[in-house]
Amino acid sequence: VPSGWPHSHSAFFTDTEAFLLKNAKLKLCLQASGMSGSLLLQDCNPESDFQDWSWRGDSLMNHGTQSCLSVVEADRVQMSLCSSTGYMSWDCSNSMLLPLGRSQTYLVANRKGVTLSNTSNLKAQWKDVADRSVCEVKAEPDRYFTAALTSTHQDSTAGNITLVLGVTEVQLEQLLWFFRREDPSTWNYSILAISLVAMILGLVLLSLNVLQNRKRKIDRYRGAKQIVQQAELEAKQALMSMQEYSLADLQKQEPVPQEQRSGDVMVQWKDGTITSLYTERSEDAM
């Protein structure tokens with residue numbers, strides 16, 4: 001058992017998803033040796049723990065040896081105790097395994113075992129018994145944390161998880177319960193109700209604004225109409241005053257003497273008397 005891992009860890013791994021590393025070309029599975037740490041290619045046997053592998057972060061752990069696939073030389077790999085060194089970190093691309101940080105170097109199968117090579121044909125492609133790429137298995141959500149949180153036994157494994165994440169076990173359990181139990185329907189209904197209320201409020205405000213603008217226009221029209229009527233009334237009153245004034249001037253003038261004849265020229269003197277310029281002479285005077 002690797003240092004830092006409890007003895008119950010093997011039982012823990014039996015609950016997680018294990019897969020076989022089957023070479024796409026040779027149709028043989030990668031098997032770890034329990035004694036020397038070497039690697040062999042054997043017929044696939046799902047019942048063998050030495051052919052069961054699991055992703056532990058970027059490392060590939062064998063269930064039978066509880067050790068990890070590691071690079072020991074430029075082109076040689078073997079099983080070693082799991083640690084955080086970069087020699088045990090693997091990247092996965094197009095069903096091919098390559099040491100993390102090294103480009104164009106892949107884990108390739110041959111009749112003697114496995115080695116590192118720049119070959120990228122079918123011998124460098126690894127799948128499980130269901131012909132899924134090992135990259136798909138790695139991309140799946142890590143069940144390590146879920147199994148530890150849902151376990152009823154509060155052992156040192158859960159303590160190691162909380163140490164890695166930097167949160168307490170209670171907080172992790174609350175987060176797990178939240179994401180497991182969260183029902184988005186309540187949130188969706190709330191957003192829908194808020195949207196409807198906002199739409200109704202907007203329509204009400206729009207109606208009030210239209211009515212207020214219409215009332216303002218009506219008041220403005222009435223005011224202009226009153227101003228026009230007042231101007232017309234004042235004009236009529238002024239016209240009537242002028243007519244009355246002209247009539248009064250005519251009435252003030254002296255009446256024309258009734259004894260005027262056609263052709264008479266009347267003269268009004270300074271003292272106010274009016275006489276005819278030409279007076280008829282009597283027949284006697286003539």
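Here's a quick briefing on the salt bridges, the charged surface patch, the annotated helical segment and a few backbone details of this structure. Keep in mind that this is a predicted model. The structure holds four salt bridges, and three of them are covered below: Lys-22 with Asp-131, Lys-138 with Asp-58, and Arg-76 with Glu-73. Elsewhere, helix H6 takes in residues 184–252, and UniProt lists a "transmembrane region" at residues 187–211 in an unreviewed entry.

**Salt bridge Lys-22 to Asp-131**

- The side chains of Lys-22 and Asp-131 pair up in a salt bridge, with an N to O distance of 3.2 Å.
- Lys-22 sits in strand E1 (residues 22–23) and Asp-131 in the loop between strand E12 (126–127) and helix H2 (134–139), so this bridge ties together parts of the chain that are 109 residues apart in sequence.
- The two ends differ in how much surface they show: Lys-22 is buried, at a relative accessible area of 14%, whereas Asp-131 is partly exposed at 48%.
- For Lys-22, the label follows from the cut-off: buried means under 20% relative accessible area, and Lys-22 has 14%.

**Salt bridge Lys-138 to Asp-58**

- Lys-138 and Asp-58 make another salt bridge, and their closest N and O atoms are 3.1 Å apart.
- This pair also links distant parts of the chain, 80 residues apart: Lys-138 belongs to helix H2, while Asp-58 is in the loop between strand E4 (53–56) and strand E5 (59–62).
- Lys-138 counts as partly exposed, with a relative accessibility of 24%.
- Asp-58 is partly exposed too, with a relative accessible area of 34%.

**Salt bridge Arg-76 to Glu-73**

- Arg-76 forms a salt bridge with Glu-73, where the closest N and O atoms are 3.7 Å apart.
- If you're checking that against the criterion, a salt bridge needs a side-chain nitrogen of Lys or Arg within 4 Å of a carboxyl oxygen of Asp or Glu.
- Arg-76 is partly exposed at 37% relative accessibility, and Glu-73 is partly exposed with a relative accessible area of 44%.

**Positive phi angles**

- As background, most residues other than glycine have a negative phi.
- Lys-27 goes the other way, with a positive phi near 60 degrees.
- Lys-27 is in the loop between E1 and strand E2 (29–32), and with 52% relative accessibility it counts as exposed.
- Asp-131, the salt-bridge partner of Lys-22, also has a positive phi near 60 degrees.
- That Asp-131 phi value falls in the loop between E12 and H2, at a residue that is partly exposed.

**Pairs apart in sequence**

- Asp-58 turns up again here: its C-alpha is 5.4 Å from that of Trp-90, although the two residues are 32 apart in sequence.
- Phe-50, found in the loop between strand E3 (39–42) and E4, is twelve residues from Asn-62 in sequence, and their C-alpha atoms are 6.4 Å apart.
- Phe-50 counts as partly exposed, at 31% relative accessibility.
- Leu-60 is part of strand E5 and counts as buried, with 0% relative accessibility.
- The C-alpha atoms of Leu-60 and Cys-82 are separated by 9.1 Å, and the two residues are 22 apart along the chain.

**Helix H6 and its surroundings**

- The UniProt "transmembrane region" comes from an unreviewed entry and covers residues 187–211.
- In the model, that stretch is 100% helix and 0% strand, and its end C-alpha atoms are 36 Å apart.
- Arg-214, Arg-216, Lys-217 and Arg-220 gather in a patch of positive charge on the surface.
- Arg-220 is found in helix H6, and this residue is exposed, with a relative accessible area of 57%.
- Why does Arg-220 get the label exposed? The label exposed calls for over 50% relative accessible area, and Arg-220 has 57%.

Key
Residues are numbered from 1 along each chain as its sequence is written. This is a predicted model: local features need pLDDT of at least 70, side-chain atom pairs count only at pLDDT 80 or more; totals for chains, interfaces and linings use all residues. Side-chain values use heavy atoms; hydrogens and water are left out. Patches are made of residues with over 30% relative accessible area and no salt bridge: like charges are joined within 9 Å, nonpolar side chains (Val, Leu, Ile, Met, Phe, Trp, Tyr) within 5 Å. Accessible areas come from the Shrake-Rupley method with a 1.4 Å probe; for residues, only the protein chains shown count as cover. Lys and Arg count as positive and Asp and Glu as negative; His and the chain ends are not counted. The place of a charge is taken as NZ of Lys, CZ of Arg, CG of Asp or CD of Glu. Helices (H or I, at least four residues) and strands (E, at least two) are DSSP runs, numbered from the N terminus. Buried means under 20% relative accessible area, exposed over 50%, partly exposed in between (1.4 Å probe, protein chains only). UniProt positions are given in the numbering used here, feature names are shortened, and annotations may be inferred rather than shown by experiment.
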